[in-house]
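The paragraphs below lead through one protein chain, from its loops to its helices and the contacts between side chains. Please keep the structure open while reading.

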Amino acid sequence: MTDKSAPTQPTATATATAAEEAERLAEQQFARRYRTLPMPWRVVMVVLTLLVCALAINQIFNLGFFVDHIILDARYLYIYVGIILVMTFIFFPLSSRVRNDGVPWYDLILIATVIGVFGYFAYHADQIVQRGWEFAAPDFATYLALIAWVIVLEAGRRAGGLPIFIVTLVISLYPVVAAKLPDVIGGAGMDLYQTAAFHLFSEESIFGLPTQVGALLVFGFLLFGVALQYTGAGKFFIDLSLALLGRLRGGPAKVAILSSGLMGSMSGGPVINVLTSGPFTIPAMIRVGFSRSYAAGVEANSSTGGVLMPPIMGATAFVMANFLGVSYTTIMIAAVIPAFLFFFGLFVQIDAYAARNGIKGLPAEEIPKLWPVLVSGWHYIAILGLLVWMLIELQREATAPFYATLILLIVNQFTRNRFDWKRLIDFVKGVGNILAELGGILAAVGLIIGALQATGMAGTITNDLVFLAGGSVLMLLVMGALTSFILGMGLTVTAAYIMLAIILAPALIKAGVDPLAAHMFIMYWGMLSFITPPVAIAAFVAASVAKCSPMQTAFQAMVLGTVIYFIPFFFVFNPALLMQGAWAEILVVLTTAVVGITILANGLQGYLLGVGDLGSGPPAWAARALLITGGLLLATPGGGMLGIAHTTLIAAAAILVALGALIGALRLRHAARRPVAS
């Protein structure tokens with residue numbers, strides 16, 4: 001990795017070095033996270049990945065090429081989850097502290113058990129559905145359900161970590177004790193065997209919405225995201241961003257915003273995006289003068305924010321559309337302004353930081369020409385446009401990404417990134433990695449939802465939250481934000497959203513929050529744990545790339561992402577920020593938000609446009625506090641649920657901002673008159 005004091009290198013050399021670093025970091029991450037498999041097991045994994053892909057394509061496209069008719073959804077899900085669990089136990093070691101160079105005997109027993117148990121369930125899928133086994137399962141099937149329950153918990157632990165295991169274990173056992181608990185937290189009770197049967201044979205638990213979404217809706221977007229990574233889309237987006245923004249002050253950081261945002265929208269995984277883009281963007285930021293923790297914080301925010309960026313939004317948009325019963329286009333349009341405000345706030349903060357610290361852009365010789373970049377990667381833009389067209393015009397949410405992936409892979413064979421056999425196998429392995437990880441987590445999350453559904457608590461939580469808030473929507477929003485943050489820890493964005501949409505969104509809607517705003521609110525707060533201590537997974541991964549303190553990076557990421565903590569409240573107060581309502585109202589709230597966020601960002605970084613560096617010391621801190629407060633007031637939309645007029649907020653903000661600017665200007669004038677020590 002290049003130090004910021006190192007001399008400037010030519011573009012080709014810098015790119016090659018970054019590519020090598022990216023590959024090295026990916027290998028390190030793989031070695032820590034997954035097993036190093038010998039050749040026979042690699043073949044097994046490739047075969048299983050191809051098999052599960054074939055099953056999914058057969059089911060989603062209704063091809064019927066296995067049995068001359070469409071497989072019953074329940075049977076498909078039993079087979080799908082069974083294969084995913086086998087892949088999980090092959091890929092993920094028991095612990096990072098044990099040897100991970102092969103599949104040990106105890107995992108062979110687990111794999112054989114999965115095949116036997118889920119094979120039995122798949123064979124009897126017709127009876128499970130027709131005879132209602134979730135309420136009256138045969139004794140033998142119930143014992144197998146107990147075994148499967150434990151297996152899913154262990155798969156969730158390996159794929160998602162110990163916190164996922166603890167939460168799912170405790171909540172999945174909740175029906176066993178629900179009838180014995182106080183009324184406030186109590187519910188309908190079941191014994192252990194009834195609970196096991198409900199978890200494995202109903203459509204509300206392991207095979208409920210999370211798994212169904214993963215197996216039938218999100219599957220194609222996972223393939224598309226992996227295909228983009230392995231066909232070189234990440235480098236194209238970085239080169240395109242360099243050509244557009246590289247010369248600006250703080251250019252590499254602004255490049256990171258655009259490139260990671262674009263890639264993150266399609267990949268849907270903040271951590272994957274950091275590992276894809278970070279080895280290119282972080283060294284470039286450090287080299288021009290950004291501190292290591294600041295550079296890592298920028299990348300963590302950009303990669304995480306990509307999940308909020310239309311058109312793809314990491315596939316969460318399609319799940320949300322499914323919940324709300326609206327079109328994908330409605331979700332995409334609603335997400336435009338909030339995503340723009342977040343990236344705009346990040347952009348302005350970086351610009352202010354660069355101005356304050358004298359950080360310039362990259363030299364002209366290191367910036368690729370725009371036209372050659374477009375020529376080399378036009379197909380990525382064309383295929384993305386085709387995908388959006390299929391989603392909007394044809395409304396083929398489940399099948400469109402498969403067509404886009406197929407076209408991308410075909411076109412890629414006529415470019416310099418074309419696959420050889422090794423690269424193709426790596427692509428299949430990449431698909432297997434993400435399917436095993438997401439599938440294991442979604443199955444475990446299903447246990448949580450199933451426990452709440454079985455006891456009737458899914459509906460009771462709504463009433464309890466509204467009651468605890470005492471009729472205050474603002475209090476309910478704060479409680480909802482904290483709940484979303486906590487439940488989102490360690491989960492993928494899609495998994496966190498699904499769980500929160502069932503548990504929390506109904507309470508917000510019952511309190512009077514616009515349904516679309518409620519679902520967007522929980523999505524935003526459910527993914528904030530990626531940049532917020534103590535979890536801050538994306539920030540910690542970015543810190544490993546930058547070779548700096550993880551916790552320092554997390555706090556830096558939190559400051560840089562300040563705007564994102566307020567935006568969900570803003571669009572709940574006034575859904576005009578979701579493009580709901582009259583155009584005049586939308587224009588007013590957008591304008592005040594842009595100006596307010598600019599002032600807020602300047603206050604956070606200590607550099608006010610038109611005034612200059614606010615410096616340090618009590619006067620500077622007072623000026624910054626006034627600017628931050630005034631900027632927040634100005635960015636807050638009037639009208640709507642808040643009940644305060646736009647003019648009132650603008651007037652109060654103007655007074656605070658004027659005072660802050662005046663103090664800053666006076667301090668600078670005083671500093672300029674101070675005699676310089678000889």
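Pro311 sits in the loop that joins α16 (292-305) and α17 (316-324). Helices (H or I, at least four residues) and strands (E, at least two) are DSSP runs, numbered from the N terminus. The model is predicted, so local features need pLDDT of at least 70 and side-chain atom pairs count only at pLDDT 80 or more, while totals for chains, interfaces and linings use all residues. Residues are numbered from 1 along each chain as its sequence is written, and side-chain values use heavy atoms, with hydrogens and water left out.

The loop with Pro311 has a backbone feature to look at: the peptide bond from Pro310 to Pro311 is cis, with omega near 15°. Most residues other than glycine have a negative phi, and most peptide bonds are trans. Two other loops depart from the first part of that rule. Lys547, in the loop between α27 (537-546) and α28 (550-560), has a positive phi of about 60° although it is not a glycine. Met579, in the loop between α29 (562-573) and α30 (583-605), is not a glycine either and has a positive phi of about 60°. How does the surroundings of each side chain score for exposure? Lys547 is exposed, with a relative accessible area of 52%, and Met579 counts as partly exposed at 27%. The classes are buried for under 20% relative accessible area, exposed for over 50%, and partly exposed in between, with a 1.4 Å probe and protein chains only.

The next topic is charged side chains. A salt bridge is a side-chain nitrogen of Lys or Arg within 4 Å of a carboxyl oxygen of Asp or Glu, and by this rule the count comes to 12 salt bridges. One of them joins the side chains of Asp107 and Arg158, at 2.8 Å from N to O. Asp107 belongs to helix α4 (residues 105-123) and Arg158 to helix α7 (residues 139-160), so this salt bridge ties together parts that are 51 residues apart in sequence. Asp107 is buried, at 0% relative accessibility, and Arg158 is buried as well, at 5%.

Helix α7 also holds a salt bridge within itself: Glu154 and Arg157 both lie there, three residues apart, about one turn of the helix. The closest N and O atoms of Glu154 and Arg157 are 2.8 Å apart. At 16% relative accessibility, Glu154 counts as buried. These residues belong to a wider set, as Arg35, Asp107, Glu154, Arg157 and Arg158 are linked in a network of salt bridges.

Another salt bridge is formed by the side chains of Lys254 and Asp351, again with 2.8 Å from N to O. The pair links distant parts of the chain, with Lys254 in helix α14 (residues 251-267) and Asp351 in helix α18 (residues 328-357), 97 residues apart. Lys254 is buried at 2% relative accessible area, and Asp351 is buried at 17%.

Now to the packing of helices. Two packed helices are described by the angle between their axes and the distance between the axes. Here the axes are lines fitted to C-alpha atoms, for helices over the stretch in contact, and angles run from 0 to 180 degrees between N-to-C directions. Helix α19 (residues 370-394) packs against helix α20 (residues 400-412) at an angle of about 160°, with the axes 9 Å apart. The two are therefore roughly antiparallel to each other, a class for angles over 145, where under 35 degrees is roughly parallel, 65 to 115 roughly perpendicular and the rest oblique.

Further along the chain, Thr460 is found in helix α22 (residues 457-468) and is partly exposed, with a relative accessible area of 28%. Its C-alpha atom is separated by 8.8 Å from that of Ile185, although Thr460 and Ile185 are 275 residues apart along the chain. By contrast, the C-alpha atoms of Ala654 and Gly456 are separated by 50 Å, with their positions 198 residues apart along the chain. Ala654 lies in helix α32 (residues 646-673) and is partly exposed, at 44% relative accessible area.
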